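Visitor: I've got a model open on my screen and a few questions about it. Could you walk me through what's there?

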Amino acid sequence: MRRIENIEVAWIMSEIADLLELKGETVFKIRAYRKAAKAIANLATDLAVLLVEKQLETVPGIGKAIAAKIEELLKTGTINYYENLKSEVPFGLLEIITIPGVGPKMAQELYQKLKISSVDELEAAAKGRKIRELPGMGGKTEMNILRGIEMLRSGVGRTTLGIADALAEAFVGFLRVLPGVEYAGAAGSTRRMQESIGDIDLVVGATETEKVIDIFVRHPQVKRVLNQGDTKASIVTLMGVQIDLMVVSPEQYWSALHHFTGSKEHNVRLRELAHKKGLKINEYGVFSRDDDSSLPVSGEADIYAHLGLPYIVPELREDLGEIEAAQEGKLPELLELADIKGDLHIHSDWSDGVNTIEQIAGKAAEIGYEYIAITDHSKSLGIARGLSVERLTMQNEYIREMNERTTGLEIMSGIEVDILANGDLDYPDEILAEKDVVIASVHSGFRQEEAKLTGRVISAMKNEHVDIIAHTTGRLIGRRDAYAINMEAVFEAAVKYGTALEINSSPDRLDLNDKYVRKAAEMGIKICINTDAHDIARMDEMRYGTAMARRGWLSREDVVNTMEKDRLRRFLAQRN
DNA sequence: GCCGTTTTCGGCCCGACTGTTTTCAGTCG
């Protein structure tokens, strides 16, 4: 039987939750399946491995019943319970509840009264004014349904961290200068630096809240106002990104910022802790349950302090162990952007980059780096003007001369060598031996089967000249899935051969992702955070890669390019 | 269905906005 990926199991658990919801099951059971789905999606270890080791039930959120269903799925390829549910609930209803504004209750009602079981049927009924005939529904309900269907089809969907971050920054700048505004900031998954963003959350602390909302919804970037109240509003921008704004009084700002930064799971855990301490936490503050009196909050750290916890940074707030670590005083000392001393994966105009090595060096000096590596493409990558052996030798010489007349910044001569479809590297060893930094990566044969692709990457890792594997899974966020690669095996090889793995900082890649980063570091694998910039403007994307490292719980010691120059040299020389 | 330094049974976070209602359920985050 084919191998079932964790993400597929997570998907099925989430679909079971949806089906149970449509059946009107108790919310706690539904919540349990949702929680399990999330926990599984966040695992960096294959469920199959956990199953063999009888460790399934050690995963928080997975108990006896769900563990048994996972075992059944992995062994037989199906879950009886799930199949039965699917036969009880019309499949189309699952799609109907993905329409914004349409939930399980409405879907059930529409199905029972009007026999609606697909989005198309729903659209026809709304247009035909059939829905207003039902109790509790009216003309506005029909409008909302049609609008929701349009949103679903127009792909108001997830966006990359890069776009969300820039958009949030622009709106925060706009809000910050409005009259009466004391604080404005981005919250939500953008602030937590999640790899993709569903909608942008903004929080404002202001003396005149309604005025701020009023101006916000009339911003020129606003295509549509989804809802608007006294303290909250949601809009969709011209680019199709949803932005939610919450406006509170300046005193309430930190509680609101914390609340909307989330994650939801992290907040739920905190509120449970608060409950046990006789406290209540919401977006307006921290309160005593006895007399409703409020406790002082003049920064997010105060909220944690009231719970007896040290401050937890936004990147860790996922309920993936950070609360337990905080309780035990074992939070990691996270890497900071300022710890990064250089970028070891940059393309110049010698291959498919747009800037000269001089311009790249200028930008690096501006950032304050101690070193960079120029790593152009290798000869087989014709589409990217990969360097012939002759041009590569010329580039070596060119960089050597540049270093002689440059002070402060060291430019290393590197290469991003292709791992060819047959597993060979694109240059012979004696050429690779001349380079300071050798990065190896896959740019072809994406569709090969898992064993073959994994074998290619591992054989590159075996090569003593290869220092770093770049964008190891090959995924492009929202556009291309990771290729079939056995990451367990790659990690084992990285440990065995001492090869470092890259976090590619491009918001389109973020590869390795946070969960793999965390797993790799736990195994003692060194991580290198690079931008893979083809344009000097994108050398600033280092902060996204650093954010991924922080989300993966990395300290400075875990990261190759936090080393000062001489130590880095020794590290690279070890691998030759 | 999960979970337990108060619990193996009885809990399981908190509030805003909307539409259709006269007091609230559904949906969302």
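Visitor: Happy to start at the DNA. How many charged residues does the surface near DNA strand B have, by class?

Guide: Keep in mind that this is a predicted model. Sorted by class, the surface near DNA strand B has 16 nonpolar and 14 polar residues. The remaining class there is the charged one, and its count is 15.

Visitor: Which element gives the largest share of the surface near DNA strand B?

Guide: In total, 45 residues surround DNA strand B, with Gly61, Gly63, Gly101, Gly138 and Arg271 the closest. Sugar and phosphate make up 82% of the strand's atoms that come within 4 Å of the protein. The largest share of that protein surface is five residues, and they come from H2.

Visitor: Which residue has a side-chain N or O atom 2.9 Å from a phosphate oxygen of DNA strand B?

Guide: Backbone atoms do some of the phosphate work: a polar backbone atom of Lys105 is 3.2 Å from a phosphate oxygen, and one of Gly139 is 3.3 Å from a phosphate oxygen. The 2.9 Å distance, by contrast, involves a side chain, that of Thr141.

Visitor: Over to the sheet with the order E11-E12-E13-E14-E15-E16-E17. Which strands stand at its edges?

Guide: It's an open sheet of seven strands with parallel pairing. An edge strand has a single partner, so one side of it is left without a neighbour in the sheet. The two that fit are E11 (342-346) and E17 (527-530).

Visitor: And what is the bridge partner of Ala440 in E15?

Guide: Strand E14 (residues 437-441) pairs with strand E15 (residues 468-469) in the parallel sense, over two bridges. In E15, the partner of Ala440 is Ile469.

Visitor: Are helices H20 and H21 roughly parallel or roughly antiparallel?

Guide: The axes of H20 (residues 450-462) and H21 (residues 487-497) come within 10 Å and cross at roughly 10°. Angles under 35 degrees count as roughly parallel. That crossing therefore makes H20 and H21 roughly parallel.

Visitor: How many nonpolar residues does the contact of H20 with H21 have?

Guide: From H20 the contact uses Thr454, Val457, Ile458, Met461 and Lys462, and from H21 it uses Ala489, Val490, Ala493, Ala494 and Tyr497. By class, one is polar and one is charged, and the nonpolar count is eight.

Visitor: Last one: which side chain makes a polar contact with the side chain of Glu123?

Guide: Glu123 lies in helix H8 (residues 119-127). Leaving out residues up to four places away in sequence, Glu123 touches Leu146, Ile149 and Arg153. The polar contact, at 3.0 Å, is with the side chain of Arg153.

Note on methods:
Residues numbered from 1 in each chain as written. Chains lettered and ligands numbered in written order. Predicted model: local features only at pLDDT ≥ 70, side-chain atom pairs only at ≥ 80, totals over all residues. Heavy atoms only, no water. Axes fitted to C-alpha atoms, helices over the stretch in contact; angles between N-to-C directions. Helix = DSSP H or I, 4+ residues; strand = E, 2+ residues; numbered from the N terminus. Parallel < 35°, antiparallel > 145°, perpendicular 65-115°, else oblique. Contact = heavy atoms within 4.5 Å. Nonpolar A, V, L, I, M, F, W, Y, C, P; charged D, E, K, R; others polar. Polar contact = N/O pair within 3.5 Å; in protein donor to acceptor, adjacent residues only side chain to side chain. Near = heavy atom within 4 Å. Pairing = 2+ DSSP bridges.
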